[in-house]
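Hello,

Please find the structure below, for your files. My notes on the fold and the helix packing follow.

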Amino acid sequence: MTALEDDFGWTLGVVFRAFIKATNQAVGDLPGGHRGYQILTAATRDQPESQSALCQQLGIDRTVMTYLLDDLERASLVERRPAPTDRRTRLIVATDVGRAQLVELDRRLEHAEAHVLSGLSSGDRETFKALLCRLAGHVNELDPVPSACQAVQDIAASTP
């Protein structure tokens, strides 16, 4: 143990670092990494009404989203389809290959999460995750992050 064991920032940073390393390994071969996973998940499970709605839902800049979708489309994981009600609007739809890949990614990410939380009992894991979700919701209400890009910029700006 170190003198920092009771320091909230240090402990949060250690857990965050372990989570990022484990999940990077889990989604490493997916175009776009974590963002690619979020897009594939949304295209499979949420079926957003448009590419623009997907940008808003995930907090990803429109230009960045275009590049991410290009990469996911080249990998045959998603397709852009004209919306039946307005051909100018593009729907983002997961392909069969994309849906199968998502099942595998979910399995890998579940394993990564279990690895990071392996120091806790099953009950403590559920309690920790529930408290963390509640805290994240509260913190986001106090200081909303308009996009994932902005969150990264905020972190980078605070790094010496």
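In this predicted model, the C-alpha atoms at the two ends of residues 5–137 are 25 Å apart. That span is 69% helix and 8% strand. The range comes from UniProt, where an unreviewed entry annotates residues 5–137 as "domain: HTH marR-type".

On the overall fold: the protein has seven helices and two strands. Their order along the sequence is α-α-α-α-β-β-α-α-α. Taken along the principal axes, the C-alpha atoms fill a box of roughly 60 × 30 × 30 Å.

I looked mainly at the packing around helix α2, which runs over residues 33–46. Three of its contacts are described here, in turn with α1, α4 and α5.

α1 with α2. Helix α1 covers residues 8–27. Its axis comes within 9 Å of the axis of α2, and the two cross at roughly 65 degrees. The crossing is left-handed. On the α1 side the contact is made by Ile20, Thr23, Asn24 and Val27, and on the α2 side by Gly33, His34 and Tyr37. By class, these residues divide into three nonpolar and four polar, with no charged residue.

α2 with α4. Helix α4 spans residues 62–74. The axes of α2 and α4 lie 10 Å apart, and the packing angle is about 80 degrees. α2 is therefore roughly perpendicular to α4. Here α2 contributes Arg35, Gly36 and Ile39, which meet Val64, Met65, Leu68, Leu69 and Leu72 of α4. Six of the residues in this contact are nonpolar, one is polar and one is charged.

α2 with α5. Helix α5 takes in residues 96–116. It packs against α2 at an angle of about 120 degrees, with the axes 10 Å apart. The two helices are therefore oblique to each other, since an angle of 65 to 115 degrees would count as roughly perpendicular. This crossing, too, is left-handed. From α2 the contact draws on Tyr37, Leu40, Thr41, Thr44 and Arg45. From α5 it draws on Gly98, Arg99, Gln101, Leu102, Leu105, Asp106 and Leu109. The classes are five nonpolar, four polar and three charged residues.

Tyr37 is worth a look in the viewer: it is listed in the contact of α2 with α1 and again in the contact of α2 with α5.

Lastly, the salt bridges. How many does the structure hold? There are eleven salt bridges. One pair is Asp71 and Arg74, whose closest N and O atoms are 2.5 Å apart. Asp71 and Arg74 are three residues apart in helix α4, so about one helical turn separates them.

Regards

Methods. Residues are numbered from 1 along each chain as its sequence is written. This is a predicted model: local features need pLDDT of at least 70, side-chain atom pairs count only at pLDDT 80 or more; totals for chains, interfaces and linings use all residues. Side-chain values use heavy atoms; hydrogens and water are left out. Axes are lines fitted to C-alpha atoms, for helices over the stretch in contact, and angles run from 0 to 180 degrees between N-to-C directions. Helices (H or I, at least four residues) and strands (E, at least two) are DSSP runs, numbered from the N terminus. Angles under 35 degrees count as roughly parallel, over 145 as roughly antiparallel, 65 to 115 as roughly perpendicular and the rest as oblique. A crossing is left-handed if the near helix is turned anticlockwise from the far one by less than a right angle, and right-handed if clockwise. Contact means heavy atoms within 4.5 Å. Ala, Val, Leu, Ile, Met, Phe, Trp, Tyr, Cys and Pro count as nonpolar, Asp, Glu, Lys and Arg as charged, and the others, Gly among them, as polar. UniProt positions are given in the numbering used here, feature names are shortened, and annotations may be inferred rather than shown by experiment. A salt bridge is a side-chain nitrogen of Lys or Arg within 4 Å of a carboxyl oxygen of Asp or Glu.
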